[in-house]
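Subject: Structure handover

Dear colleague,

I am passing on the structure we discussed. Please look it over first; my notes on what was found follow below.

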Amino acid sequence: MIKLVFAGDVITGFERGQVISQLAKLLKRDEAQIRRMLFSGKAVVVKKVATDEEAYKWRKAFANAGAVLMVSAGDQEPADTAPDDESVAAGHSPKPAAVEPGIAVDESLDENAADANDSAVTGAVAEEPTLASEASRSPGIRRRNKVYVLLGALVLVAIALTVFVLWVSRPLWQGAQLDDQQQRWAEALASPDTYALAHVDVARAVQLEGLAGTQADLPSPVSGDDDFWQSLARAGIDVRKQIAHMWLAGTHSAKHTGAVIVLSGVFSPDKVKSWLGERYTIESESEEGLMFRTSRANACDAGTTMRAVIGADRIIVGDPASVEQLQMRLEQKAPASQSLQRWQEVSANQLASLAVFIPENIGEAAGGMSGMMLKSVGAAAQPAEGLYLDLEPVAVPPGVELRTQVFSQDAEFINNSYQAFDERIAEWRAEAKKNWPEVAGLYDRLEVTRSDDSVGATVFFDRHLQRDVSRWVSSIFSGMFSSPGEAPTEEQLESNPPVFTNLANAEVKPYASYSDFHNSFFTPTAETGPFAIAVESLTLNDQQQLEVALKTLAYNLPNAPTRGSAASMTLVDVLDAQGQSLLPTVECGEDKNLAPSEIGSSMTSTAFVDGEQVAYTSTQGSKAIALDTGVSASDVAEVKGYIDYRQVNAIEKIVLQQPLAGQVIERNGLMVRFMDAGKHALQYRYSGEVDNLLHVAALNKDGKALSSGSAMWGGTLIGSGKTASVDYHGEVDRIEVVIAKNAEVKRYPVSINTVWPAVNNSLFGAKALPLADPDAVQKALKATQPPSVTYSWQKPVLETVAGPATLAFQSLEFDDRFGMNISFSAYLSNGVPLVGALGAGAVRLTALEFANSEPQALANTVYFPFVHDGGYWMNGEYQPDEQKPWIKGDATFRDRDTKVTSPERIQGELLLNVADASHVEEFAFEIGATWQDEGLSLQVTEFNPREVILSFNGNVSRVVAVRAKRNGELVSDPAKMRNMFGEAGVVLALNDRPDTLELELADSLTTERYPFEVNLAEVAAP
């Protein structure tokens, strides 16, 4: 008879509350019972089974829930064990891949409690772990050491990060001499470019794994590929039986950075090639090996080209250059170019080992934040001659020791490293005592050592290694990105704090019942339950596809989280009148159209209802839908989807008093940990069922909610979960944490029968101005002087004159990475009749001049209209601002290809254009509709409830006006030019959806040119 024992251990990545919740579902009990029965601090017999197969099923079911279930042989009874019919779970066997629905739990669990110190459970014996002794040791010690070694591999991965992946290992690390073949691999891999070398004795690992009583589920070496190992098994490849050793080398040189993996053992080349061909893209095959790309099916990127050499006794995989170098070194029997002596002395004969020969290159193989951190570490470690890691088991007390050693002949580096590490440990210890008290004890197990040529650290971990390492690393990084926490000048209270309460009635009011809060800026196209959906805009994306932007809005959703998602919207399909889908076929990658979009942006406002001010909360979200190429808005007959709303019916409020540092809340699968943040801020980390955290309120001494100031929200740098750092206007006396206790998901169908936005705009009534007379313009230009401008807001960094105009430059930026960025305003006297025509003004940049090089020619031109600065329209007539006797045109140059630094001068010219005569042309309004001739094109790129936007290419100085009409009637104000992020466009304010766009184009132009020069030495300091 085999006993299955649970001692309260959880798997790394799972939080205790989350595991309790999952076990409650598995064993059909409530969480309070599971906490009392299984997490009492005692080892408990969960089940007695007759076969190894049944034990495996139960252990896997517990593992899926995040719990470690151990095996105890039937002849070794834990103390006070109950009879078979009183075990925790009776009469059922869980399925390997899913929870068995019929599992029941006996109430007499307490009678099954075993003494935590009993050897049948702990297996604590005083003997050194050896291969010979391992077979005769009790199942308890095998299980315990199994856990140590499984977690030990994870420690190395965490410390080495992306240098190598220990994807096979889990058992005891024990010394053994490398045979001649493995020594040869080590020498061949230690090339001049090798900065790191790792080795795993897989055969011995598997042997010990068998002695440990079970097989561990290997983590996938490919992120997001959960089917990796299963696919190997389906192809007839058993890595445990076929691989004897694994080597990995990281390489870096001035020409390339790469890596190479060597697997030695017994293989079937045909099966391996077949597996590669099914999962990856084979580019070529020759005697030198296979060339393949790492991209998977449905992946958009081409992937990295790799080379594989597959033989009956070896598999070599890596970037082509690294594999070729290894092959040459093997053929030439080249000696090691890196010194292997210290590695062989320190850790080469361990079951797994890592040597970093050139620490300054340690970050070359990693990207993102990990790469940045590792490169910083590598730069600081340049004087080091090598870094070595190993992990060794300890029998008494049972556990593992992690050892790190850094060697250098630079005595000052060794001394400084020792001192810096000692000081940092003291800082971490002090922080842990405040914020992570359960971690503080780990520092008592840590020892920093120093010799003449090395500095190192040793830390001991007991059977909770996985949990302790996770907490330790999290404690170190938890406060890295906190907000400054500056004390406010005075206390400010939250004007409308959110309300949370238990719901007596689970029904939610429909959207229509909140008519008092409706506004003219949101016109629903459809309503479903408490939600309304409006078409926010139609745009033409870069792929020339029509993109529909939907906005979702709801009022007063009960118990909605102040951060995070209250609901999500999912698209099912977009259909035409014949029921055919109008969505594009996604050839690769994720179909973003069908991905759920969050509805969770909440804000509190007030409205006047029957003369009284009423507070309310609005929650909104957005969803973008890209239609197939060539589909128009009029083709759409129905948009189908649904909204899933997570309605919280029961809540729990928990009040914590200062000091908050180190206080932890664990409820309903959620864990929230608070750190020291001073008197005017909160800093906390939450993980597990994060959706259950509804709100955290900072309260003053009177129990009133304080108003928040600056805040930082995001994920954790290390581990799972989220972090928050929030400043408050006032001193925090205590906090109130609101947690969801009970929630249900309600689904509301969505059906939208048009994607045309509902226009809800009013026009200013501005009158279209007549064409300017060229003679009158020329006369006014000759009679006027550049205006002396007074600036209402920020003054320009530089002013210059171009004929009758004042040019005011707001920015003059030059960068060898991001290019040139120049923004300016052109001012003319309002006696010059140039207001109205879209292309009346233009600035052309002709050259950049440098101190010690030839000028760089430019051909950059931007166009702009002139408008009155200030004033207003009344009854179709413009009323000028007497304090601003000028007209103004704004524009921006943004040229990413002009990558220069420190030019001294800019040469250019101002162009003023007047149409001598004009004519009108029309084209039908539709998103994507285009008008063009030989030198100019305009395209409708966006339509929203307020305006239509057209992009243009070519000489827009010919465009006098653009108008929108419906049934022959004008439905737009005079067009304006808009320059957003360097992209110019024509904008028409609307009061109805047009059916026709009208262009007024100049037949001929009179152009006046005024050269100017900008002396960049005169640029004012910001």
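The model is a predicted one, and the notes should be read with that in mind. I begin with a sheet. Five strands make up an open sheet, ordered 33-34-35-41-38, with antiparallel pairing. Its edges are strand 33 (798-802) and strand 38 (867-868); each has a single partner strand, so one side of each has no neighbour in the sheet. Strand 33 runs antiparallel to strand 34 (residues 805-815), and five bridges join the two. Within this pairing, glutamate 799 is placed opposite alanine 808 of strand 34.

Next, strand 28 and its partners. Strand 28 (residues 681-688) is largely enclosed by the rest of the structure, because seven of its eight residues are buried. Strand 27 (residues 670-675) pairs with strand 28 in the antiparallel sense, over six bridges. These two strands form a hairpin with five residues between them, and in the turn glycine 678 has a positive phi of about 85°. Across the pairing, arginine 673 stands opposite arginine 685 in strand 28. Strand 28 is also joined by six bridges to strand 31 (residues 722-728), again in an antiparallel arrangement. There, tyrosine 684 of strand 28 faces alanine 724 in strand 31.

Arginine 673 appears a second time, in a contact with a ring: its charged end sits over the ring of tryptophan 436, 3.7 Å from the ring centre. Another arrangement of this kind involves arginine 993, whose charged end sits over the ring of tryptophan 756 at 4.3 Å from its centre.

On aromatic pairs, the count comes to 26. One of them joins tyrosine 514 and tyrosine 555; the ring centres are 6.2 Å apart and the planes are at 55°, so the pair is tilted. Tyrosine 514 lies in the loop between helix 17 (465-477) and strand 19 (526-528), while tyrosine 555 belongs to strand 21 (residues 546-555), so the pair ties together parts that are 41 residues apart in sequence. Tyrosine 514 and tyrosine 555 are both buried. They belong to one aromatic cluster, made up of Tyr511, Tyr514, Phe517, Tyr555 and Tyr616.

The last element is helix 11. Which residues of helix 11 (residues 269-279) are buried? They are Val272, Trp275, Leu276 and Arg279. These residues lie on the same side of helix 11, because they cover an arc of only 100° around the axis. As background, an α-helix has 3.6 residues a turn, so residues three or four places apart point the same way. Asp270 and Glu278, on the other side of helix 11, are exposed. The cover over the buried residues of helix 11 includes helix 9 (228-234), strand 10 (281-286), strand 11 (289-293), strand 12 (305-310) and strand 13 (314-318).

Valine 272 can serve as an example from helix 11. Its relative accessibility is 8%, and because the cut-off for buried is under 20%, valine 272 counts as buried. Leaving aside neighbours within four places in sequence, valine 272 is in contact with Ile237, Ile310 and Ile315. Of these, isoleucine 237 is 35 residues from valine 272 in sequence, while the C-alpha to C-alpha distance between the two is 7.4 Å.

Regards

Definitions and conventions. Residues numbered from 1 in each chain as written. Predicted model: local features only at pLDDT ≥ 70, side-chain atom pairs only at ≥ 80, totals over all residues. Heavy atoms only, no water. Buried < 20%, exposed > 50% of the residue type's maximum accessible area, 1.4 Å probe, protein only. Helix = DSSP H or I, 4+ residues; strand = E, 2+ residues; numbered from the N terminus. Arc of directions from axis to C-beta. Contact = heavy atoms within 4.5 Å. Pairing = 2+ DSSP bridges. Phe/Tyr/Trp six-rings, centres within 6.5 Å; stacked < 30°, edge-to-face > 60°. Lys NZ or Arg CZ within 6 Å of the ring centre and 35° of its normal.
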